[in-house]
Amino acid sequence: MVKFDIIGERAVNPSTQLDRKERELDAARRISQALFQHLSVEDVVEQGLKIALEVVNCRAGSVLLANPETKELVFYHSIGDQPLKSGTAFPWTQGIAGSVFATGDPVVIKDAKEDQRHLEEIDHLSGFQTRDMIAIPLNRWEGHPIGVLEVMNKREDRLNQEDVAILMIIGAFTALAIEQARLFQEAKLAEVARILGDIGHDVKNMLMPVLCGTSLLRDEMNDVFADLPAFDPDKGRASYELCLEAIGMVANNAKRIQERVKEIADCVKGLMSPPRFAPCKLHHVIASVFDTLKLAAQEKGISLAHEGILELPVMQADESRLFNAFYNLVNNAISEVPQGGSITITGQMEAMGQTVHVSVIDTGRGMPAEIRDTLFTARAISRKQGGTGLGTKIVKDVIEAHSGVIAVESEVNRGTVFHIHLPMEVPTTFSSDQVSS
């Protein structure tokens with residue numbers, strides 16, 4: 001005869017309790033073995049979500065991490081037949097996930113359509129129809145939330161409180177592992193930043209003779225060419241102008257190398273100085289980028305051109321940062337475009353003159369989806385030998401510092417187009433009431 005324990009008015013089968021405890025212990029064992037061998041947040045999140053779906057037998061799920069700066073929950077990783085694009089975000093006060101994030105309490109939803117908190121926009125973006133779901137908080141050890149773990153559409157039956165108990169164990173281990181991975185990455189970045197600071201100091205010292213040398217060489221050339229016999233004035237003048245141009249290019253780029261080394265170190269430390277907005281003519285930025293890279297383009301037989309840029313009015317921007325952004329895009333394109341190809345930058349006004357739309361268009365080999373979808377993230381993949389893939393992440397940081405947005409279109413063998421939308425006047429505050437991606 002089976003003995004039942006009475007809890008309130010509900011009879012509990014001891015064998016059922018034992019099965020549940022065994023499931024919880026198995027979940028704890030699997031998650032602890034899987035997570036703490038990984039040192040990157042990306043791997044930790046992916047493994048934690050994968051185990052959560054396997055343990056409760058669900059079709060889909062997501063991990064959302066909080067972004068304190070924008071006060072949003074960001075889809076960091078999704079698994080399912082139609083996973084949501086990484087980076088999709090919404091205000092952390094909205095949705096079922098927002099409610100769980102705010103209260104710190106897990107929820108079981110039997111039918112998402114009947115819950116007023118459910119964001120149908122998310123289903124529309126992914127094409128996935130959420131039925132039943134569980135959302136649990138991911139809390140750091142002090143108890144403060146860092147995100148939310150969601151699982152949806154159990155394959156057999158519906159999600160229930162027993163699944164919640166198991167997922168809370170997985171969530172606790174996952175949050176702890178995320179914090180550990182973040183601390184490891186911060187320590188690693190701090191060391192990298194220290195080394196870059198030392199390198200930057202050395203580079204600055206090494207470039208000083210270059211800058212002084214170009215100045216002396218310019219003065220020397222002025223004296224020498226002034227004393228040359230005028231047997232062929234046209235040829236002499238052309239040679240003189242070419243040498244001055246080369247000297248100017250060396251001097252300008254030596255200064256920019258100094259600035260870039262400092263910016264790279266600041267970027268790694270996450271301590272980039274605030275942008276300095278001032279009246280800026282975008283044409284001057286593009287012309288400066290083309291002047292810097294024209295020799296590299298000419299060596300490969302690539303044409304550089306712009307359309308509509310001259311007509312753009314003066315805007316508020318940090319000219320130095322915009323130069324870095326467009327330099328990265330054009331320089332990356334040069335390595336991808338075959339001989340005889342082209343790189344064109346176009347510009348036009350939009351939104352009743354409030355926004356400028358700039359496109360960087362190349363006729364290169366394009367990108368496969370696995371590379372394209374990692375752009376603008378720390379997980380970006382580079383195809384260039386010795387490349388870090390961080391160039392486009394730096395570009396995105398520059399555009400966002402201007403309250404702009406950037407997107408990319410690219411297919412293999414069909415070239416690439418980067419679309420950049422920049423406000424003419426940089427707003428002092430920014431808010432979003434809509435789901436963004």
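1. Start with helix 7, which lies across strand 10, strand 12 and strand 13 and runs at about 170 degrees to strand 10. Contact here is heavy atoms within 4.5 Å; angles, from 0 to 180 degrees, are between N-to-C directions of axes fitted to C-alpha atoms, for helices over the stretch in contact. Helices (H or I, at least four residues) and strands (E, at least two) are DSSP runs, numbered from the N terminus.

2. A word on the model before going on: it is predicted, with local features needing pLDDT of at least 70 and side-chain atom pairs counting only at pLDDT 80 or more, while totals for chains, interfaces and linings use all residues. Residues are numbered from 1 along each chain as its sequence is written, and side-chain values use heavy atoms, with hydrogens and water left out.

3. Now the sheet under helix 7. Five strands make an open sheet in the order 10-12-13-15-14, with mixed pairing; two strands pair if DSSP finds at least two bridges between them. Strand 10 (303–307) and strand 14 are the edges, each with a single partner strand, so one side of each has no neighbour in the sheet. On average, neighbouring strands here are turned by 15 degrees against each other, direction ignored. Helix 8 also lies across this sheet, over strand 10, strand 12, strand 13 and strand 15, at about 140 degrees to strand 12.

4. Strand 15 (residues 416–423) deserves a look. Seven of its eight residues are buried, meaning under 20% relative accessible area with a 1.4 Å probe, protein chains only. Eight bridges tie it, antiparallel, to strand 13 (residues 355–362), and Thr355 has Pro423 as its bridge partner. Strand 14 (residues 405–410) is joined to strand 15 by six bridges, again antiparallel. Here Glu409 is partnered with Val417, and Ile406 stands opposite Ile420. Strand 14 and strand 15 form a hairpin with five residues between them, and Asn413 in the turn has a positive phi of about 70 degrees.

5. What fills the inside? The largest nonpolar core has 40 residues, and Leu322, Phe326 and Ile345 have the most contacts inside it. (Such a core is a set of buried Ala, Val, Leu, Ile, Met, Phe, Trp, Tyr and Cys residues joined through side-chain atoms within 4.5 Å.) Contributors of at least two residues each include helix 7 (282–299), helix 8 (319–336), strand 12 (342–350) and helix 10 (391–401). Helix 8 gives the most, with eight residues. Leaving aside neighbours within four places in sequence, Phe326 touches Leu282, Val285, Ile286, Val289, Ile345, Val358, Val360 and Ile420. Apart from this core lies another, of 27 residues, with Val45, Ala52, Ile134 and Ile178 among them.

6. There is also an open sheet of six strands, ordered 5-4-3-8-7-6, with antiparallel pairing. Its edges are strand 5 (89–91) and strand 6 (107–109), each pairing on one side only. The twist from one strand to the next averages 25 degrees. Seven bridges join the antiparallel strand 3 (residues 58–67) and strand 4 (residues 72–79), and Val63 stands opposite His77 in strand 4.

7. Two helices go with that sheet. Helix 2 (residues 41–56) packs on it, touching strand 3, strand 4 and strand 8 (145–154), with its direction at about 65 degrees to that of strand 4. Helix 3 (residues 95–103) lies across strand 3, strand 4, strand 5, strand 6, strand 7 (133–139) and strand 8, running at about 135 degrees to strand 8.

Note on methods:
Buried means under 20% relative accessible area, exposed over 50%, partly exposed in between (1.4 Å probe, protein chains only).
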